[in-house]
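Here's a quick tour of a two-chain model, pitched for someone who likes looking at backbones and packing. Have the viewer open and follow along.

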Amino acid sequence: MSVNTASTLVMLVLGFPLLGAALNGFLGPVLGRRFVNIAGTVSIFAAFVISCLVLANVVGAPAGHASITIRLWDWINLGGGTNLSVGMDFTLDALSALMLMVITGVGFLIHVYSVGYMEHDPGFARFFSYMNFFIFSMLTLVLAADLVILIIGWALVALSSYLLIGFWYDRPSAVLAARKAFITQVIGDVALVIAAFLIVLNTHTLSLPNIFARTQAFPAGGALITGICVLLAIGAFAKSAQFPLHTWLPDAMEGPTPVSALIHAATMVTAGVYLIARFHVLFNLAPVAEGLVACVGMGTAVMAGIIALSQIDIKRVIAYSTMSQIGLMIYAVGIGAYSAGMFHFAMHAVFKALLFMAAGNVIHELHDEQDIRLMGGLHARMRWTHLAFGAGSLALAGFFLFSGWFSKEDLLGFGTVSGPGAAPWILYAVGAGVNVLTGLYAFRLYFTVFQGEPQTARGFGVKDPGYAMLIPVVILGALSVIVAWPLQFPLPNTLHVFSDFLAPVFAGAQSPLFHDPSFGVALVALVIGTAASLVGIGLAMRLWYEHRPDPQVVLSRFPRVIPLLSYNKFYFDEIYDRALVQPVKAVARTARRVVEPDIMDGWVEGIGDLLRGFSFDLRTVQTGMIRDYASIFTVFAVVLVVVWVFIAR
Amino acid sequence: MLNPNLFPYLLGLAAFLFTVGAMGVLIRRNPIVVFMSIELMLNAANVALVAYGRFLNSEEGQIFAFMVIVVAAAEVVVGLALITQIFRLGRELDVDDLSEMKE
């Protein structure tokens with residue numbers, strides 16, 4: 001791939017969505033719905049075509065030349081001997097090509113779906129403008145080869161997410177959710193920016209390839225590199241909704257469902273996984289940070305899985321399942337199994353976008369009903385949606401030969417041997433537990449929503465939606481069955497097209513935690529993991545297929561503390577409210593009551609009072625009597641003469 | 001030729017006249033008397049100017065004295081006009097009473 005080709009491709013792939021955002025934003029309200037539908041989807045389809053060209057170029061490149069970094073133009077040249085410049089630098093390699101394919105491919109289908117979903121919404125132009133802009137931001141983030149550009153993309157996706165969560169700005173809950181998401185993102189942004197400062201201070205460059213080369217000189221496991229990696233990880237946790245910065249993701253479901261599918265399932269929330277994979281050479285030098293990442297990922301996977309068991313809002317269940325699956329990806333990149341993490345990201349993007357859109361169909365048909373206790377029995381009346389949702393649930397639960405099975409077992413297989421001492425086995429056991437949990441919550445949702453009998457009158461009148469909303473769901477449903485087949489098999493020395501494709505990106509460095517499992521170990525892990533998924537699905541079938549109508553009753557069989565923690569989401573919102581929000585509010589109230597009137601106003605008005613009092617006193621000198629003035633004049637004249645004659649001379 | 005020893009006495013006379021004038025301005029409340037006192041101060045200055053001119057053998061002292069006389073005449077014109085106007089308004093001729101300008 002020549003520099004010219006790469007530059008053209010980058011310009012086009014970024015240009016189309018940005019053009020779409022501009023056209024829809026400025027002209028959309030004038031030119032109407034048809035124009036917006038076409039401009040919004042075609043711009044992303046064009047980006048998808050370009051992404052395919054990028055992929056072809058990367059695959060077709062001779063070995064060792066698959067990665068190219070280009071500079072479109074110099075943006076900021078600091079000069080002055082610092083030799084520091086911010087360039088419009090972009091990288092095209094296997095990792096960014098994969099991200100491009102997923103973002104534009106799944107993104108395009110979701111845009112098509114949005115045409116149907118937003119059919120009756122008056123804000124359609126604004127919606128498509130924001131969605132196109134999100135695609136542009138996300139592509140900037142994954143293509144960036146300069147730290148500043150990366151951070152700009154990182155912040156712009158948070159902005160798009162904020163705008164889209166708060167899309168229905170007349171709903172107070174949506175506005176609050178948007179604010180919460182943005183504030184949590186900013187916590188991560190701050191950590192990322194501090195990490196960037198540390199990197200620039202110690203490597204004197206902003207270009208990512210140079211950073212990766214120069215950080216190799218840092219002492220492995222040193223405080224500096226560990227600090228940088230922990231800060232990067234905090235940024236990733238905020239973006240990817242990992243403990244303890246996870247509370248914004250369920251609230252983000254206030255946005256329109258296509259937004260949940262695109263931003264809060266398929267793409268943006270996996271940016272943290274991408275960040276760690278992109279900075280893997282740094283993480284490889286900091287085993288402590290890697291261990292932290294792996295433990296937080298697995299911990300979040302378990303926690304979110306338990307919470308998903310008792311939520312009653314269909315979108316929130318899927319949101320917690322997203323959190324749980326991203327936890328697994330974070331765990332994978334934490335132990336150094338980068339290809340496996342990215343593989344799960346790609347598979348997850350397909351089946352999770354599908355689940356959200358199928359859930360969107362259900363919500364749409366039931367006239368914005370999101371409570372799963374009021375659903376049920378939709379399988380006969382929404383045949384295609386039901387089939388697709390079923391396929392997505394099987395993929396999510398990791399049912400044998402569905403896409404999620406390949407990626408999740410691949411990921412857990414590496415987990416059996418990667419890490420010190422007994423840690424891999426403990427984490428693997430927890431991972432198998434997550435498989436059980438996944439099967440449980442995925443099929444609790446499936447059985448409650450689609451099987452049994454309708455719980456409301458509306459449930460009898462549903463049907464599959466129009467083509468715009470159905471075709472993307474069916475395509476993704478088919479993909480979530482077959483997409484993994486030609487790509488990867490979760491055993492060593494078998495089919496490894498996907499990891500071979502990504503191998504050049506991760507070839508430079510190996511994580512000290514990472515080990516390849518032997519065939520036998522991997523096989524045992526595979527069997528246990530598959531069995532765990534089946535156990536989960538089977539349990540769900542026993543519990544929720546036979547015990548309709550109330551999905552909550554089943555939980556009462558567990559020890560009381562589990563349903564309590566699960567239903568209340570481990571009380572994180574309450575804890576943050578008590579520990580952070582209320583104290584801040586109390587400080588603000590005190591400041592308003594005491595600091596503002598007594599201190600701030602105090603000294604401002606004090607100066608005024610002082611001057612007024614002084615001038616009031618001074619005014620008495622002006623008696624208006626000529627003789628007084630003459631006296632003063634005379635006295636000072638005498639004083640002047642005396643001073644001049646006796647002192648100054 | 002005047003006796004040079006007289007010079008301190010002339011200056012003393014000027015200082016005495018000036019002091020008397022100044023005290024008159026400060027103490028008396030009748031504007032006409034105040035004006036007379038001001039004339040006294042101006043003429044004390046004239047005595048000093050002429051004495052210096054004489055003893056320093058320079059014409060400038062006398063020229064200055066003439067200037068002062070001219071200015072004093074102009075000042076008296078303005079001042080007496082003001083006093084006449086105040087009198088016509090039916091007000092008491094008392095400088096302490098004329099203090100409205102302070103507000």
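Start in the loop between H9 and H10 of chain A, where you'll find A:Ala241. Keep in mind that this is a predicted model. Phi of A:Ala241 is near 55°, a positive value in a residue that isn't glycine. From there we'll go through the rest of the backbone oddities, then the helices, the cores, the two chains as wholes and the place where they meet.

**Backbone oddities in chain A**

- A quick reminder before the list: most residues other than glycine have a negative phi, and most peptide bonds are trans.
- Is A:Ala241 buried or exposed? A:Ala241 counts as buried, because it has 29 C-beta neighbours inside 10 Å and the cut-off for buried is 20 or more.
- The loop between helix H9 (223-239) and helix H10 (248-251) of chain A also holds A:Pro244. A cis peptide bond links A:Phe243 to A:Pro244, with omega at about 0°.
- A:Asp368 is another non-glycine with a positive phi, about 65° here. Look for A:Asp368 in the loop between H16 and helix H17 (383-397) of chain A.
- A:Asp368 has just 7 other C-beta atoms within 10 Å, so it is exposed; the limit for that label is 12 or fewer.
- A:His204 comes just after H7(A) and takes a positive phi of about 55°.

**Two helices worth a click**

- Helix H7 (residues 172-203) of chain A has 32 residues, which at 1.5 Å a residue should span 46 Å. The end C-alpha atoms of H7 are 46 Å apart, so expectation and model agree.
- Helix H4 (residues 94-117) of chain A is home to A:Met101.
- With 17 other C-beta atoms within 10 Å, A:Met101 is partly exposed.
- Setting aside residues up to four places away in sequence, A:Met101 touches A:Ser51 and A:Leu55.
- A:Met101 and A:Arg33 sit 68 residues apart in sequence, and their C-alpha atoms are 27 Å apart in space.

**Nonpolar cores**

- The largest nonpolar core runs to 213 residues. Those with the most contacts inside this core are A:Val13, A:Phe134, A:Leu139, A:Leu232, A:Ile276, A:Ala353 and A:Leu354.
- Which helix gives this core its largest share? That's helix H16 (residues 338-365) of chain A, with 18 residues.
- A:Phe134 is a good spot to zoom in: leaving aside neighbours within four places in sequence, A:Phe134 is in contact with A:Val157, A:Ser160, A:Leu164, A:Leu262 and A:Ile263.
- Apart from the largest core lies another one, of 11 residues, including B:Val34, B:Phe35, B:Ala44 and B:Ala65.

**Chain A as a whole**

- Chain A has 25 helices and two strands.
- Along the principal axes, the C-alpha atoms of chain A fill a box of roughly 115 × 60 × 60 Å.
- Of the 649 residues in chain A, 51% count as buried.
- Taking contacts in chain A with a separation of 6 or more, 82% are between residues 24 or more positions apart.

**Chain B as a whole**

- Chain B has three helices and zero strands, running α-α-α from the N terminus on.
- The radius of gyration of chain B is 17 Å, well over the 13 Å that the globule rule gives for 103 residues, so chain B is more spread out than a compact globule.
- The box for chain B, again from C-alpha atoms along the principal axes, is roughly 55 × 25 × 20 Å.
- Buried residues make up 13% of the 103 in chain B.
- For chain B, residues 24 or more positions apart account for 46% of the contacts with a separation of 6 or more.

**Where the chains meet**

- Nine residues of chain A are in contact with nine of chain B. On the chain A side, those residues split into three nonpolar, five polar and one charged.
- Helix H25 (residues 626-648) of chain A packs with helix H1 (residues 7-27) of chain B at an angle of about 145°, and their axes are 8 Å apart.
- Which residues make that helix contact? H25(A) brings A:Arg627, A:Ala630, A:Ser631 and A:Thr634, while H1(B) brings B:Ala22, B:Val25 and B:Leu26.
- By type, the residues of this H25(A) and H1(B) contact come to four nonpolar, two polar and one charged.

Notes. Residues are numbered from 1 along each chain as its sequence is written. Chains are lettered from A and ligands numbered from 1 in the order in which they are written. This is a predicted model: local features need pLDDT of at least 70, side-chain atom pairs count only at pLDDT 80 or more; totals for chains, interfaces and linings use all residues. Two residues are in contact if their C-beta atoms, placed from the backbone, lie within 7 Å. Ala, Val, Leu, Ile, Met, Phe, Trp, Tyr, Cys and Pro count as nonpolar, Asp, Glu, Lys and Arg as charged, and the others, Gly among them, as polar. Axes are lines fitted to C-alpha atoms, for helices over the stretch in contact, and angles run from 0 to 180 degrees between N-to-C directions. Helices (H or I, at least four residues) and strands (E, at least two) are DSSP runs, numbered from the N terminus. The radius of gyration is taken over C-alpha atoms; the globule rule is 2.2 Å times the number of residues to the power 0.38. A nonpolar core is a set of buried Ala, Val, Leu, Ile, Met, Phe, Trp, Tyr and Cys residues joined through C-beta atoms within 7 Å. The expected span of a helix is 1.5 Å times one less than its number of residues.
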